[in-house]
Structures are given as structure tokens and as C-alpha cells.
Amino acid sequence: MNENAKDENAVKDDDIAKMTATQDNADSQTVLPDDGSLEAVLADAIESAPPADSDGADDDGASLDPYDQLLAERDALKDQLLRALAESENTRRRSERDVQAAKKYGHTSLARDLVGAIDNLARALDIMKDDEFEAGSLSEAMTNVVTGIELSWTEIMSITEKHGIKQINPVGEKFDYNFHQAMFEVPTADTPPGMVVEVLQHGYVLHDRLLRPAMVGVSKAPEAAAESDASQAKVEDSADNDDADIKGA
């Protein structure tokens, strides 16, 4: 027990000696002014110390709190990230729309050029179905040709409808300037005015996009009926004016 106590005392004495030596070195490195007074040392330390409000302030005197700086940087980066994500999403949606439009309308030029050939084939079929081509008047070879053309026509119409190409045949429908082109008017009392009564050339659409308008004839009221309606309207107007004059008198 005595030996241990002696060892601990020896350790403490060594620590005290080291601390004392360190303090002595610091005192020896301290440079005093010429007068060597303590007041002069304190005055020199106060003059060389930075101002109390210089820490954490910029040139304009505004406080630069590190926490506020981090928040500002975070908000700026978050705004940039959101803008980048929004632009990326818009680009993705535009790309999807462009791809869909390319798939849907990419063959517009081909379809517009193809409808002329389809019309010519339709005219050939119409001629072959005319009364002049009586049953049995054609040779076997020509009959086979007609049959082949009819089968080709059926297949072509099936393929065109599969790819969104549809024929416009608006007989009996109301005239629509979006899909029809009026070539002449037909005075008739059997059909209301503004109805398609004849189709000179079929129109075609690709999905909802017009390839070629249908050339049609549109009904209108007969001249006699139009004149009678106009005269009747004049009579009614004059009668109304006479009634107004009588009431005014």
C-alpha cells in the first residue's frame, strides 16, 4: 500500500512539474512593452483584437447565419430539381404524343395517293356491273378477270379500313363542309334543303383527318316554293304593319 501511494505521488509531482515548465515557457515568450506594465499589455491586446460584431457579418453588415445559408441553398437546389423534373416529364409526354401521331398519321401521303387508284378500281367494278354486261355475255377468261377484280377490291377495302382509311359516302346525310365539297345544288321538294342527294366522287378520311372531301350535290328548295314562301312572308309582314297602325290610331 505504501509503495502504491508513493508511485501515485510521484506521478502527480511529475505532472505538476510539466505544467509549471509549460507556464514558465509561456511567460518567457510573452513580450512586454517598453514600460513593462500590465496595463500596457492589456491595452495592446484590446487594440489587436477583432471587433465584437465582426464575426458572422458580411461587408454590408448583414448577418450570415450558416443555417440560413444552408436553407437558401437547399431551396435553390430543390427549385432547380423540380424544374428539371417538370421539363423531363413534358419532354416525355411530347415524345409519346409524337410517337403516337407518327404511328397514326405517318402514312398520310401514301393513303392520299392511294385513294385515286381505289377510285379507278371502283369505276371499273361499276362498269362491269352495268346492264350491258349481261350474264353469260362474257367469256370465261373475262369472267375470271371480273371475279379477280372484285376479290381485289374487297381485300383492298378491308386493308384500308384496318389502317384507318375509310370511305365517305354521304348520300342522304346533312351537308358538312368539313368533309363535303358542294359541286351543285338540286332543287327538290322531296328532300329538305341542305341534304346530300348525289355523290360525284367519294371522299376519304384517315382516322379523324380528312384525306379528300367528297364531291356532292346538295338539295335546295324549289324556285316556286321559295317564291311562294317569300310572298307569304311579305303578306304576313304587311298584315303585322297594318295591325300596328290600327293600334297606334
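Which residues of the largest nonpolar core touch the most other members? In this predicted model, they are Ile118, Trp153, Ile165, Tyr204, Leu206 and Leu211, out of the 14 residues that make up that core. Let us look at where these residues sit and what surrounds them.

## The chain as a whole

The chain has 249 residues, and buried residues make up 14% of them. Its secondary structure comes to 6 helices and 6 strands. Reading from the N terminus on, you meet the elements in the order α-α-α-α-α-β-β-β-β-β-β-α. Contacts link distant parts of the sequence: among contacts with a separation of 6 or more, 64% are between residues 24 or more positions apart. The accessible surface comes to about 19,300 Å², and carbon and sulfur atoms account for 54% of that area.

## The core and its suppliers

Back to the largest nonpolar core. Helix H4 (108–128), helix H5 (140–162) and strand E4 (203–206) each supply at least two of its residues. H4 gives the most, with 6 residues.

Leu211 is a good residue to click on. Leaving aside residues up to four places away in sequence, Leu211 touches Thr108, Ala111, Arg112, Val115, Ile165, Tyr204, Val205 and Leu206. Apart from the largest core lies another one of 7 residues, including Ile168, Val199, Val205 and Ala214.

## Two helices side by side

Now follow H4 and H5. Their axes come within 10 Å and cross at roughly 145°, and H4 passes H5 in a left-handed crossing. On the H4 side, the contact is made by Leu114, Ile118, Leu121, Ala122, Leu125 and Met128. On the H5 side, Val146, Ile149, Glu150, Trp153, Ile156, Met157 and Thr160 take part. Ile118 and Trp153 appear in this contact, and you have already met both in the core.

## A small sheet

Strands E1, E4 and E5 form an open sheet of 3 strands in the order E1-E4-E5, with antiparallel pairing. In general, strands of a sheet pair through backbone hydrogen bonds, either parallel or antiparallel. The edge strands here are E1 (165–168) and E5 (209–212), each of which pairs on one side only. From one strand to the next, the twist averages 35°. H4 packs on this sheet, touching E1, E4 and E5, and its direction makes about 40° with that of E5.

E4 and E5 run antiparallel and are joined by 3 bridges. One bridge partner to find is Arg209 in E5, which is paired with Leu206. The loop between E4 and E5 holds His207. Phi of His207 is near 60°, a positive value in a residue other than glycine. That is worth a second look because most residues other than glycine have a negative phi.

## Buried or partly exposed?

Two residues make a handy comparison of accessibility.

| Residue | Place | Relative accessibility | Class |
|---|---|---|---|
| Gln201 | strand E3 (residues 196–201) | 18% | buried |
| His207 | loop between E4 and E5 | 37% | partly exposed |

Why does Gln201 count as buried? Its relative accessibility is 18%, and buried means under 20%. His207, at 37%, counts as partly exposed, since that class lies between 20% and 50%.

What does Gln201 touch, not counting residues up to four places away in sequence? Its contacts are Asp119, Arg123, Arg212, Ala214 and Met215. Asp119 and Arg123 fall within the range of H4 (108–128), and Arg212 falls within that of E5 (209–212).

Definitions and conventions. Residues are numbered from 1 along each chain as its sequence is written. This is a predicted model: local features need pLDDT of at least 70, side-chain atom pairs count only at pLDDT 80 or more; totals for chains, interfaces and linings use all residues. Side-chain values use heavy atoms; hydrogens and water are left out. A nonpolar core is a set of buried Ala, Val, Leu, Ile, Met, Phe, Trp, Tyr and Cys residues joined through side-chain atoms within 4.5 Å. Buried means under 20% relative accessible area, exposed over 50%, partly exposed in between (1.4 Å probe, protein chains only). Helices (H or I, at least four residues) and strands (E, at least two) are DSSP runs, numbered from the N terminus. Contact means heavy atoms within 4.5 Å. Accessible areas come from the Shrake-Rupley method with a 1.4 Å probe; for residues, only the protein chains shown count as cover. Two strands pair if DSSP finds at least two bridges between them. Axes are lines fitted to C-alpha atoms, for helices over the stretch in contact, and angles run from 0 to 180 degrees between N-to-C directions. A crossing is left-handed if the near helix is turned anticlockwise from the far one by less than a right angle, and right-handed if clockwise.
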